[in-house]
Amino acid sequence: MKIYPRDIRRFLSKTTPLKIWNWIQLFSSFYMTKWLKRPIQWGTPMTISIEPTTACNLRCPECPSGLRSFSRETGNLKSDFFRTIIDQLKGRLSYLIFYFQGEPYINPQFLDMVKYAHERKIYTITSTNGHFLNDANAKKTIESGLDRMIISVDGTTQEVYENYRKEGKLESVLQGARNMVKWKKELNSNTPHLIFQFLVVGPNEHQIDEVHRLAEEIGIDEVKLKSAQIYDYQNGSELIPQNQKYSRYRQLKDGTYAVKNQLLNHCWKLWHACVITWDGIVVPCCFDKDASHRLGDLKQWSFKEIWKGDAYQKFRESLLKGRDQIDICKNCTEGCKVWLEE
C-alpha cells in the first residue's frame with residue numbers, strides 16, 4: 001500500500017485530542033460489542049457521508065441515481081440545514097464525505113458547504129464523475145479547501161468508458177482533471193489530493209495499466225481500483241470481471257454466482273460511520289441507497305438523539321443476530337476489499 005505523506009499530514013493537522021478520544025471510544029466499543037455480543041456504543045461517528053443531491057447527469061447501469069429508480073424524493077441539500085448538522089458534529093468528526101448518491105456539483109451550494117466544513121477543521125472528501133470541473137469550478141474547488149477528490153474514470157477510451165458511464169464524455173472528465181491540476185499549481189496548493197477511481201468491470205479490465213499511465217501523464221496523485229457492486233449478480237453479468245482478483249463475486253459449481261466475503265455478524269461501518277441524505281434522514285451505511293432503513297430524521301431530532309436512540313440500537317441488535325437477514329447487508333463488502341491493491 002502506497003503512502004502519501006502530504007495527504008496524511010493534512011489529515012493529522014485537523015486532529016484534536018477530542019477526536020482522538022472519540023476514535024478510542026469507537027474502537028473499544030466495537031471490540032467490546034464483538035466480545036459481549038450485545039451492542040455497546042460509546043463514541044460518535046468519526047466518518048459521515050452527507051448527500052449534496054440525488055440528481056445525476058449520467059445513467060450508469062448499477063446506480064439508482066443513473067437508473068432514476070429511487071422511491072425516495074430527489075432534491076438538493078440546503079446550505080443552512082447543512083450548517084446546522086455540522087455544528088452538532090464538528091467537535092468529534094474526522095472525515096466528512098460529500099457523497100452518497102447523485103453528482104455533488106449539481107448542487108449549486110456544494111462548494112460553499114465544503115468551505116464551511118474546511119473552516120471547522122474537518123477533513124473533506126468528495127467523489128465526482130468529473131463532468132462539472134470546468135475552469136471556474138476547478139479554481140473554486142481549490143479555494144474551498146477540499147482535501148480529497150475522487151474522479152471516476154472507468155475507461156481510457158470513449159468506447160470503453162461509455163459501457164458503464166452511460167451518456168458520459170471521457171474527454172470532458174480528463175479536461176476537468178487537467179483543470180484541477182492546473183489550478184493546484186496556479187494557487188500553489190497541495191489540495192485536494194486527486195484520485196482517479198477505476199471501477200473494474202468486464203468491459204474495462206484490460207485498461208488497468210493504461211489508466212495508471214493516463215493519471216501520471218495528467219498529474220493525478222493516485223489511482224484506486226474499485227470492485228463493482230452488481231445488483232443481479234446471481235446468474236452472472238457482463239460487468240463481472242474475468243479476473244477474480246477484481247470481482248466481489250465467485251462462480252459456484254452450478255454456474256451461479258455468490259458474494260465472496262462471509263456475512264459475519266458484526267460491522268465496523270455501523271460503529272464508526274453513517275450516512276445522511278439530502279433531506280436529513282440518517283441511514284446506517286452507503287449500501288442503503290434508497291434509505292429504506294430510516295433511523296431518524298434530523299429535521300425532528302438532534303444527531304445525538306438519533307445515534308443513541310431506540311431505532312439505531314434495534315438495528316445494531318438485528319445485525320448482531322444475523323446480517324444475512326438484513327437486505328442491505330446481503331451484497332455488502334464489509335470483510336472484503338472494496339479498494340483493490342495491485
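Biologist: Which residues line the largest cavity, and what makes them lining residues?

Modeller: Cys267, Lys269, Leu270, Pro284, Cys285, Phe287, Phe315, Leu319, Arg323, Ile328, Cys329 and Cys332 line the largest cavity of this predicted model, and each counts as lining because it has an atom within 4 Å of a cavity point. Two elements, α10 (268–272) and α12 (310–321), give two or more residues to this lining.

Biologist: What is the make-up of that lining by class?

Modeller: The lining of the largest cavity has 10 nonpolar and two charged residues, with no polar ones; Cys and Pro count as nonpolar here. About 80 Å³ of space lies in this cavity.

Biologist: Why is such a space called a cavity and not a pocket?

Modeller: The word cavity applies because a 1.4 Å probe fits at its points but cannot get out, whereas a pocket is an open set. The search of the whole structure finds two cavities of 30 Å³ or more, and the second largest has about 30 Å³ of space. Phe11, Lys14, Thr15, Lys19, Trp23, Ser94, Lys121 and Tyr123 line that second largest cavity.

Biologist: What is notable about phi of lysine 121?

Modeller: Phi of lysine 121 is near 60°, a positive value in a residue other than glycine, and lysine 121 is found in the loop between α5 (110–119) and β3 (123–128).

Biologist: Turning to the helices, why is α6 called oblique to α8?

Modeller: Helix α6 (residues 135–144) and α8 pack at an angle of about 50°, with their axes 9 Å apart. That angle makes α6 oblique to α8, because angles under 35 degrees count as roughly parallel and those from 65 to 115 as roughly perpendicular. The contact involves Asp135, Ala138, Lys139, Thr141 and Ile142 of α6, together with Asn179, Met180, Lys182, Trp183 and Lys184 of α8.

Biologist: Which elements give two or more residues to the lining of the second largest pocket?

Modeller: The second largest pocket, in which about 380 Å³ of space lies, draws two or more lining residues from each of α1 (5–13), α8 (170–186) and β5 (193–200), and α1 gives the most, with five residues. Of the 17 lining residues, Arg6, Lys184, Asn190, Thr191 and Asp221 lie nearest the centre of the pocket.

Biologist: How do you know that the peptide bond between threonine 191 and proline 192 is cis?

Modeller: Omega tells us: the bond joining threonine 191 and proline 192 has an omega of about 0°, and the bond is cis. Proline 192 lies in the loop between α8 and β5.

Note on methods:
Residues numbered from 1 in each chain as written. Predicted model: local features only at pLDDT ≥ 70, side-chain atom pairs only at ≥ 80, totals over all residues. Heavy atoms only, no water. 1 Å grid on protein atoms, 1.4 Å probe; cavity = no way out; pocket = protein on both sides within 12 Å on 5 of 7 lines; lining within 4 Å. Points joined across faces, edges and corners; volume = space filled by probe spheres on them. Helix = DSSP H or I, 4+ residues; strand = E, 2+ residues; numbered from the N terminus. Axes fitted to C-alpha atoms, helices over the stretch in contact; angles between N-to-C directions. Parallel < 35°, antiparallel > 145°, perpendicular 65-115°, else oblique. Contact = heavy atoms within 4.5 Å.
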